[in-house]
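Below are some comments on the model, set out as numbered points. They begin with a pocket, then turn to the chain as a whole, a cavity and a few single residues.

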Amino acid sequence: MDSEILDELLEEQARQEAAREVDGHPGWRVTLYTMWVAQLFAMIGFAFVMPFMPFYVRQLGVPESRVPIWAGLLTSGCGLTMSVAAPLWGHLADRHGRKLMVQRAMFGGAVILSAMAYVRNVRQLLGLRIVQGAVTGTVSASIALVSSVVPMASMGFALGMMQTAVFVGNSIGPYLGGIAAEQFGYRIPFLVTGGLLISGGVLVLIGAKERFTRPAGGSEEAANSFWDMLTSFYEIATAPGVLILLFVYTLMNLSNSFVGPIFPLFVEKVTGTPEKAAASATGLLLMVSGFTAALASVAAGRLSDRHGHKLVLVCCSVFAGLVCLPHVAARNMDQLLFLRALAGLGAGGMAPAMNAMIATAVPRRNLGKAYGLTTTAGAFGWAIGPFLGGVAATQFGLRAPFAVMGCLLLGMALMAQRGIRGANGVVDA
């Protein structure tokens, strides 16, 4: 009799879990909008310091000829440690809750970014960037939380919204950060970033809701064993369609990060403006591309729900690659503004489509691990891209990386078209 009751309870639990897989959680819109604002704060903070990072490196005593290399190392070091730490955070998210991981990323990032205001040499800055990569990761943590509560039919829209927060933050942050650097120097903006991340963490703590049930299993030791974690990641990575998605994710981030560290130096050369004016000009350009990317991400999310995530990914990748190539010939600020606006339109649709494909390829109970793997794949590309871009700029000039970036994006589009099966990135049965 006891076994029959237990079987009935297990069946009812399975039915409830299946219903949640399809329908999402009640009140998911409140959590979505709360996470949107919190992610916006976080991205404004992270982007606040980007327009002047190479100039900060120069101020810390690095010779001019080595500035592109060090700027690339600062981004690559952060990306490498993030690629290693992300699966562990994803595993912990599935074991202990996704909301907790978002708070970890935001509060931890607040401490580390604030400390960057007090470094005395570039090696100390690199050390903090390495730690930042291991501790932060607000985007993947927030996406995992949102994906776990949103109905599958609205997944493209919801992840498009979250990507909008990333792009809007990446547009407002550099512009305000460039102005702050021009007015107050390069150290104060790091403290502003810390305050913004604390604000985002408090907002998540108060406003985000998660109906999390810890998965059942054997003993605590077995559930948290290293072998158990590796096994679960292997199962996700070998699920139909996931491995090629991770590879494309790596190439997407490698391409998009290729020119990041040297972009302020490129703006300084093209516009012929002084260093601090170049920081604010860089912020303006990033703001323009961020806003157009934000608009594109919402539209792309809607379109991908209706016409398939793969189609949106391929089209946006081709467009972004073609727009990237004319940057090589840019001669003034007006041309850069026009090209960055178009580049944002292409970039805006890629990440939401990729994230939605991952969400459709794995069960909700494994979303933390799945987005941990995507973060590893993306961070690996993010780590390689800036370093290679810095080397290319050092060897061939500041224009060459844009040509390479365009070719990489076009190659990624071809790989996605041929390698991803199914309209939503899931191998057809």
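1. The second largest pocket of this predicted model has a volume of about 160 Å³. Its lining is made up of 13 residues, and those closest to the centre are Ala300, Leu303, Val312, Cys315 and Cys316. Three elements each give two or more residues to this lining: α14 (275–307), α15 (309–324) and α16 (333–361). By class, the lining of the pocket has ten nonpolar residues and three polar ones, and no charged residue.

2. On the chain as a whole, the secondary structure consists of 18 helices, with zero strands. The chain has 429 residues, of which 56% are buried. The accessible surface is about 17,400 Å², and carbon and sulfur atoms account for 67% of that area. If contacts are restricted to residues at least 6 apart in sequence, 88% of them join residues at least 24 apart.

3. Three cavities of 30 Å³ or more are present in the structure. The second largest cavity has a volume of about 130 Å³. It is lined by 18 residues, with Trp89, Gly90, Arg104, Ser140 and Ala141 closest to its centre. Helices α4 (67–96), α5 (98–115), α7 (138–149) and α17 (367–396) each give two or more residues to the lining. The most come from α4, which supplies five.

4. The make-up of that cavity lining deserves its own remark. Eight residues of the lining of the second largest cavity are nonpolar, eight are polar and two are charged. For the second largest pocket, the corresponding figures are ten nonpolar, three polar and no charged.

5. Gln39 sits in helix α2 (residues 28–48). Is Gln39 buried or exposed? Its relative accessible area is 1%, so Gln39 counts as buried, the limit being under 20%. The Gln39 side chain has a polar contact, at 3.2 Å, with the side chain of Thr138. Apart from neighbours within four places in sequence, the contacts of Gln39 are Met106, Thr138, Val139, Ser142, Met162, Ala165 and Val166.

6. Ser142, one of the contacts of Gln39, belongs to helix α7. With a relative accessibility of 0%, Ser142 is buried. Setting aside neighbours within four places in sequence, Ser142 contacts Met35, Gln39, Val102 and Met162. Met162 thus appears in the contact list of Gln39 and in that of Ser142.

7. Ala208 is a loop residue, placed between α9 (188–207) and α10 (220–223). Is this loop residue, Ala208, buried or exposed? It has a relative accessible area of 1%, so Ala208 falls in the buried class, which covers values under 20%. The C-alpha atoms of Ala208 and Val30 are 7.4 Å apart, while 178 residues separate the two in sequence. Beyond its neighbours within four places in sequence, Ala208 is in contact with Thr31, Thr34, Met35, Lys99, Leu145 and Leu203.

8. Ser297 is part of helix α14, one of the elements that line the second largest pocket. Ser297 is buried, at 0% relative accessible area. A polar atom of its side chain lies 2.8 Å from the backbone oxygen of Ala294. Residues up to four places away in sequence not counted, Ser297 touches Gly160, Gln163, Thr164, Phe167, Gly348 and Pro352. With Pro352, the C-alpha separation is 6.6 Å, across 55 residues along the chain.

9. Phe387 lies in helix α17, one of the helices that contribute to the lining of the second largest cavity. Why is Phe387 classed as partly exposed? Its relative accessibility is 36%, and because partly exposed runs between the buried limit of 20% and the exposed limit of 50%, Phe387 belongs there. Outside the residues up to four places away in sequence, Phe387 touches Gly72, Leu73 and Ser76. Between Phe387 and Ser76 the C-alpha atoms are 6.1 Å apart, although the two residues are 311 apart in sequence.

Note on methods: Residues are numbered from 1 along each chain as its sequence is written. This is a predicted model: local features need pLDDT of at least 70, side-chain atom pairs count only at pLDDT 80 or more; totals for chains, interfaces and linings use all residues. Side-chain values use heavy atoms; hydrogens and water are left out. On a 1 Å grid over the protein atoms alone, a cavity is a set of points where a 1.4 Å probe fits but cannot get out, and a pocket is an open set with protein on both sides within 12 Å along at least five of seven lines; lining residues have an atom within 4 Å of a point. Grid points are joined across faces, edges and corners, and a volume is the space filled by probe spheres set on the points. Helices (H or I, at least four residues) and strands (E, at least two) are DSSP runs, numbered from the N terminus. Ala, Val, Leu, Ile, Met, Phe, Trp, Tyr, Cys and Pro count as nonpolar, Asp, Glu, Lys and Arg as charged, and the others, Gly among them, as polar. Buried means under 20% relative accessible area, exposed over 50%, partly exposed in between (1.4 Å probe, protein chains only). Contact means heavy atoms within 4.5 Å. Accessible areas come from the Shrake-Rupley method with a 1.4 Å probe; for residues, only the protein chains shown count as cover. A polar contact is a pair of N or O atoms within 3.5 Å; within protein, one must be able to donate a hydrogen and the other to accept it, and residues adjacent in sequence count only if both atoms are side-chain atoms.
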